[in-house]
Amino acid sequence: MSRVFLTVLDAVGAGEAPDAADYGDVGTNTLGHVIASQNPQLPNMASLGLGKIPGTGYQYDGKIIGAYGRAMEKSKGKDTTSGHWEIAGVPVKTPFPTFPDGFPASFMEAYEKAIGHKCIGNKAASGTVILEELGEEHMKNHTPIVYTSADSVFQIACHEDIFSPEKLYEFCRIAREMLQGELGVGRVIARPFYGRPGHFTRSGRRRDFSMPPCGRTLMDVVKEAGMESIGVGKIEDIFAHQGLTKSDHAAGNPACIDSLIGFMKTDFNGLCFTNLVDTDSQYGHRNDPEGFAFALESFDRRLDEMMELLKPGDLMIITADHGCDPCFIQSTDHSREYVPIMAWTPGMEKAVDLGTRETFADIGATCVEWLGLEERFGAKSFADALKNK
C-alpha cells in the first residue's frame, strides 16, 4: 500500500521564470522577497532543502534530509487553473482569455437577462477595493457585482444578506454555462461577503466553477486504477470534481491542514491532493508580506507532525502553482515564476537535488510512478531519485 500527499502552497513562487517579461513580471520572487523582508522561521521546510532552491535565500545550517528543486510552467498563463492542471499532468496549450476592459456588453446583457438582475462593476479590480466602491450600491439596489482581474476569471460578489450563498452559486453556474468558446474563462468565482459599508469582509463560502480539465489528469489515472483520489480545499473546484473519489471542501489553511492530517491518519491506497490558499487569497493579492510569512510559518510548524504520520512507502510533495509576490507593489496579481519542489519519504536521510524541471507535470508523473502506475503525461518522473536515497 502506498500513499502520496501532494500539497500546493498557493502562489508561493520561487523567482521569475525565464519568460517573466512576457507577463510583466520581471523582478518578482515571492519566496525570496518574503524571506528577505520578513525573516520567517521555516526549519522544517529548510530540512527538506528549501534554502537550496535557487533564489529563495533561506539560510539554514542543519542537516537536509529531503529532495528539492524547482519547476518551470509549460502552460501559457500564470493562474490557479493552468498551474494545478499542469501539476496534474495536463498543460494548457492555449491560454484562457482575459478581459482587462471588462466583459462584452452583449454578453452582460444576456447574462443579466438570464439571472433576472442588473449587474454593476464589470471591470478589472481588486476584490477588496471593489467591495468598498460598490458594496453599498449593491445592497441598496440588489445588483450583483461582476469583476475580473489579470487572470482568466469572472467573479461575482454578493452580500449574504442580499443574496444567499446558494443563490450566488446559482448565478455562477449560469455564468459558467454561458462563458464558453472565446469567452471561456478558466474560472467563475463566487465571492460572498458580509458586513456594512466601510467594513465589508469576504466570507469563507467562496466557490470556484472551473472549466473541466482538457485532458486525463493525475486524479483520473489514480481513480481508474481503483485507488482513492482525495481532494482537500478547492481542488474539487479547480478540477470541476473530475477524477476524485472523495473531497473535503475545507476553507482556509488551518481547516485544510486539519483535513490533510486527518486523511494522513487513515489507511488508504492512493493520492491526497491539497490546496492551501491563504498565501494567495489573503496575503499575496493584498501585498501583505507579513501575513504571507505568517502563513508560511503556520504551515511549517505543522509539517513535522505530517512527516511523523507518513508510513514506509508514503511520499510527500510540497509545491506551488504560480507566484503572487506581495512585495511587488506594481501589481496585486499572480506572477509568472518557477515553483518550488520539496519531497520526502520515510527513510530519506540525504539531500537530493532535483534541479530545474522543464514542466510542472514532472510532479504528476512522479506521483503516478510512486503509486505503481504507468502514465507519465509526457513528462519525466523523479521517483527513482527519491527511492535511491
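**Group meeting talk: a hairpin, some holes and a few odd residues**

Okay, let's start at a pair of residues: Gly 195 has Phe 200, in strand S7, as its bridge partner. Before I go on, please keep in mind that this is a predicted model.

So what surrounds that bridge? Strand S6 covers residues 187-196 and strand S7 covers 199-202, and the two pair in the antiparallel sense over four bridges. Together S6 and S7 make a hairpin, with two residues between them. One of the residues in that turn is Gly 198, and it has a positive phi of about 90°.

Stay with those two strands for a moment, since they come up again in the pockets. The largest pocket holds about 430 Å³ of space. Its lining takes in 26 residues, and the ones nearest the centre are Ser 203, Gly 204, Arg 206, Ser 281 and Gln 282. Which elements give two or more residues to that lining? They are H5, S6, S7 and helix H10, which is 278-284. In terms of class, you'd find seven nonpolar, ten polar and nine charged residues there.

Now the second largest pocket, at about 330 Å³. It has 24 lining residues, and closest to its centre are Gly 127, Ser 149, Gln 155, Arg 191 and His 285. At least two lining residues each come from H5, strand S5 (153-159), S6 and H10. S6 gives the most, with three residues. The class split here is five nonpolar, ten polar and nine charged.

Let's move from pockets to cavities. How many cavities of 30 Å³ or more does the count give? Two.

The largest cavity has about 40 Å³ of space in it. If you want to find it on screen, look for Leu 9, Val 12, Leu 31, Met 45, Leu 50, Leu 296, Ile 318, Thr 319, Pro 340 and Met 342, which line it. Strand S12 (315-319) and strand S13 (339-344) each supply at least two of those lining residues. By class, that's nine nonpolar, one polar and no charged residues.

The second largest cavity comes in at about 30 Å³. Around it sit Leu 9, Asn 253, Leu 276, Thr 279, Ala 295, Leu 296 and Phe 299. Leu 9 and Leu 296 are names you've just heard, because they line the largest cavity and the second largest cavity. Helix H11, residues 289-309, gives the most to the second cavity's lining, with three residues. That lining has five nonpolar, two polar and no charged residues.

Leu 296 also takes us to another residue, Leu 42. You'll find Leu 42 in the loop between H1 and helix H2 (43-47). Buried or exposed? Leu 42 is buried, with a relative accessible area of 0%. If we leave aside its neighbours within four places in sequence, Leu 42 is in contact with Leu 50, Tyr 58, Leu 296, Glu 297 and Asp 300. As for His 334, that one is 292 residues away from Leu 42 in sequence and 23 Å away in space, C-alpha to C-alpha.

Next, two residues with unusual backbone angles. Most residues other than glycine have a negative phi. Ala 11, though, has a positive phi, near 75°. Ala 11 is in the loop between strand S1 (3-9) and helix H1 (30-38), and it's buried, at 0% relative accessible area.

His 142 has a positive phi too, near 55°. Its place is in the loop between helix H5 (127-141) and strand S4 (145-148). How accessible is His 142? It counts as partly exposed, at 38% relative accessibility.

Last topic, cysteines. How many disulfides does the structure hold? Zero. Take Cys 158: it's in no disulfide, and the nearest cysteine sulfur is that of Cys 172, 7.9 Å away. Cys 158 is buried, with 0% relative accessible area. Cys 324 is in no disulfide either; for that residue the nearest cysteine sulfur belongs to Cys 327, 11 Å away. Cys 324 is buried as well, at 0% relative accessible area.

To wrap up, go back to the hairpin where we began. S6 and S7 both give two or more residues to the lining of the largest pocket, and S6 gives the most to the lining of the second largest one. That's it from me, thanks.

Methods: Residues are numbered from 1 along each chain as its sequence is written. This is a predicted model: local features need pLDDT of at least 70, side-chain atom pairs count only at pLDDT 80 or more; totals for chains, interfaces and linings use all residues. Side-chain values use heavy atoms; hydrogens and water are left out. Two strands pair if DSSP finds at least two bridges between them. On a 1 Å grid over the protein atoms alone, a cavity is a set of points where a 1.4 Å probe fits but cannot get out, and a pocket is an open set with protein on both sides within 12 Å along at least five of seven lines; lining residues have an atom within 4 Å of a point. Grid points are joined across faces, edges and corners, and a volume is the space filled by probe spheres set on the points. Ala, Val, Leu, Ile, Met, Phe, Trp, Tyr, Cys and Pro count as nonpolar, Asp, Glu, Lys and Arg as charged, and the others, Gly among them, as polar. A disulfide is a pair of cysteine sulfur atoms within 2.5 Å. Buried means under 20% relative accessible area, exposed over 50%, partly exposed in between (1.4 Å probe, protein chains only). Contact means heavy atoms within 4.5 Å.
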